[in-house]
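Here is an informal walk through some local features of one protein model. Keep the viewer open while you read, and rotate as you go.

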Amino acid sequence: MQKAIDAHFHIWRQQDQPWLVGPMVPRIFGPYEPIRRDYPIAEFLDDQKGSGVEKAVYVQTNWAKEDFEKEVAFLQKTAEETGWPHAIVGYADMTVEDVRPQIDRLMQYPLLRGVRMQLHWHETPAFRFAASPDQVIDPKVRANVARLKDYGLSFDLQLFPAQMKDGLTLVGDNPETNFILTHAGMLTGIEPETTEAWKAGLRTLSAAPNVYAKLSGLGTFVHRNDPELIAYIVDNAIQILGSDRLMFGSNFPIEKLWTSHAELIKAHRAAVTRHGPKAEADIFWNTAKKVYRPV
């Protein structure tokens, strides 16, 4: 079995997550009552037991904005106590005048590798997160993302296909910074118009050599583990980006709403194996090792 790095997972204490404490609201991944609770590292390790995952990258989970440092401190402490995670993607508010005071505070935590601020916007209200569809090229966002190169940090870029032209502008401004496209570009359905727009978006971003993509969250919009859909996304992502720019991510515990970790990684392995051992090594290990530098 090809060893794996899980490049996108979460843990949390419910008390730290305003969205898990407040009332249920429509979200892109559907009803989420089963995860309105603590999800500790011990449960994640149990969920992925026997999967071949040897390292994992934590990605921010929308703590209150003012608690951005507390989140990274919690994960650093968890790693020191348990050995997991092996890299951290924290949060910083890229809409402020100058993000550097936030980044300076985060840089004291050795496992920090990058930041994510979700910039995805969609015409469907439940799919929206950003304040506007073009927030990705807001002048303050662009200025703050440009500052990441001075810290050697990457940026997790979460966009829908209609935003990817603007995304290329942001990426093109920052050739020294690695950008990781979250959830393989957020394919919302399998209708021809939708899939063609998604593929066109990937091709747009593929023009920038500093763009990578995560094969994560592929059940987000169908609310199930769908091996055929996963294979479709993997096939097209490899064709457009190449396996050396792709990495696997479980998106647990979100995907736990509809599947087990074992079934999820089984579907991903089946989809990738058809492309040969180099694709397996790239997607399950090499790309994430290069981009996130897990300890």
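## A loop asparagine and its surroundings

Asn-225 sits in the loop that runs between strand E7 (211-215) and helix H8 (227-241). Keep in mind that this is a predicted model. Is Asn-225 buried or exposed? Its relative accessibility is 18%, so Asn-225 counts as buried, the cut-off for buried being under 20%. The side chain of Asn-225 has a polar atom 3.1 Å from the backbone oxygen of Glu-263. Glu-263 also turns up in the contact list of Asn-225, which leaves aside neighbours within four places in sequence: Ile-230, Trp-258, Thr-259, Glu-263, Leu-264 and Ala-267.

## Two aspartates in loops

Next, have a look at a pair of aspartates. Asp-93 is placed in the loop between E3 and helix H4 (100-106), and it is buried, with a relative accessible area of 11%. The side chain of Asp-93 makes a polar contact of 2.6 Å with the side chain of Thr-95. Beyond four places in sequence, Asp-93 is in contact with Lys-65, Val-99, Gln-102, Met-117 and Asn-144.

Asp-38 belongs to the loop between helix H1 (18-21) and helix H2 (41-47). Asp-38 has 42% relative accessibility, so it counts as partly exposed. Which backbone atom lies 2.8 Å from a polar atom of the side chain of Asp-38? That is the backbone nitrogen of Gln-14. Residues up to four places away in sequence aside, Asp-38 touches Trp-12, Arg-13, Gln-14 and Glu-43. For a sense of scale, Asp-38 and Gly-189 are 151 residues apart along the chain, and their C-alpha atoms are separated by 31 Å.

Another spacing to try in the viewer starts from Ala-200, which is part of helix H7 (residues 192-206). Ala-200 is partly exposed, its relative accessible area being 31%. From Ala-200 to Pro-26 there are 174 residues in sequence and 28 Å in space, C-alpha to C-alpha.

## How H9 meets H10

Now for a helix pair. Helix H9 (residues 261-273) and helix H10 (residues 277-292) have axes that come within 9 Å and cross at roughly 140°. That angle makes H9 oblique to H10, because only angles over 145 degrees count as roughly antiparallel. On the H9 side, the contact is made by Ile-265, His-268, Arg-269, Val-272 and Thr-273, while H10 brings Ala-279, Glu-280, Ile-283 and Phe-284. Sorted by class, the contact of H9 with H10 has five nonpolar, two polar and two charged residues.

## Aromatic rings

There are 15 aromatic pairs in the structure. One of them joins Phe-29 and Tyr-32: the ring centres are 5.9 Å apart and the planes are at 85°, an edge-to-face pair. Both partners are out of reach of the probe to a good degree by the numbers: Phe-29 is buried at 12% relative accessible area, and Tyr-32 is buried at 0%. Phe-29 and Tyr-32 also belong to one aromatic cluster with Trp-12, Trp-19 and Tyr-39. Trp-12 should ring a bell, since it is among the residues that Asp-38 touches.

## Backbone oddities

A few backbone angles deserve a check before you set up any calculation.

| Site | Backbone feature | Value |
|---|---|---|
| Trp-84 to Pro-85 | cis peptide bond | omega about 0° |
| Phe-252 to Pro-253 | cis peptide bond | omega near 5° |
| Ala-184 | positive phi, not a glycine | phi about 55° |
| Arg-293 | positive phi, not a glycine | phi near 50° |

Where do these sites fall? Pro-85 is in the loop between helix H3 (68-82) and strand E3 (87-90). Pro-253 is in the loop between strand E8 (246-248) and H9. Ala-184 lies in the loop between strand E6 (179-181) and H7, and it is buried, with 3% relative accessible area. Arg-293 lies in the segment after H10, and with a relative accessible area of 40% it is partly exposed.

Methods:
Residues numbered from 1 in each chain as written. Predicted model: local features only at pLDDT ≥ 70, side-chain atom pairs only at ≥ 80, totals over all residues. Heavy atoms only, no water. Helix = DSSP H or I, 4+ residues; strand = E, 2+ residues; numbered from the N terminus. Buried < 20%, exposed > 50% of the residue type's maximum accessible area, 1.4 Å probe, protein only. Polar contact = N/O pair within 3.5 Å; in protein donor to acceptor, adjacent residues only side chain to side chain. Contact = heavy atoms within 4.5 Å. Axes fitted to C-alpha atoms, helices over the stretch in contact; angles between N-to-C directions. Parallel < 35°, antiparallel > 145°, perpendicular 65-115°, else oblique. Nonpolar A, V, L, I, M, F, W, Y, C, P; charged D, E, K, R; others polar. Phe/Tyr/Trp six-rings, centres within 6.5 Å; stacked < 30°, edge-to-face > 60°.
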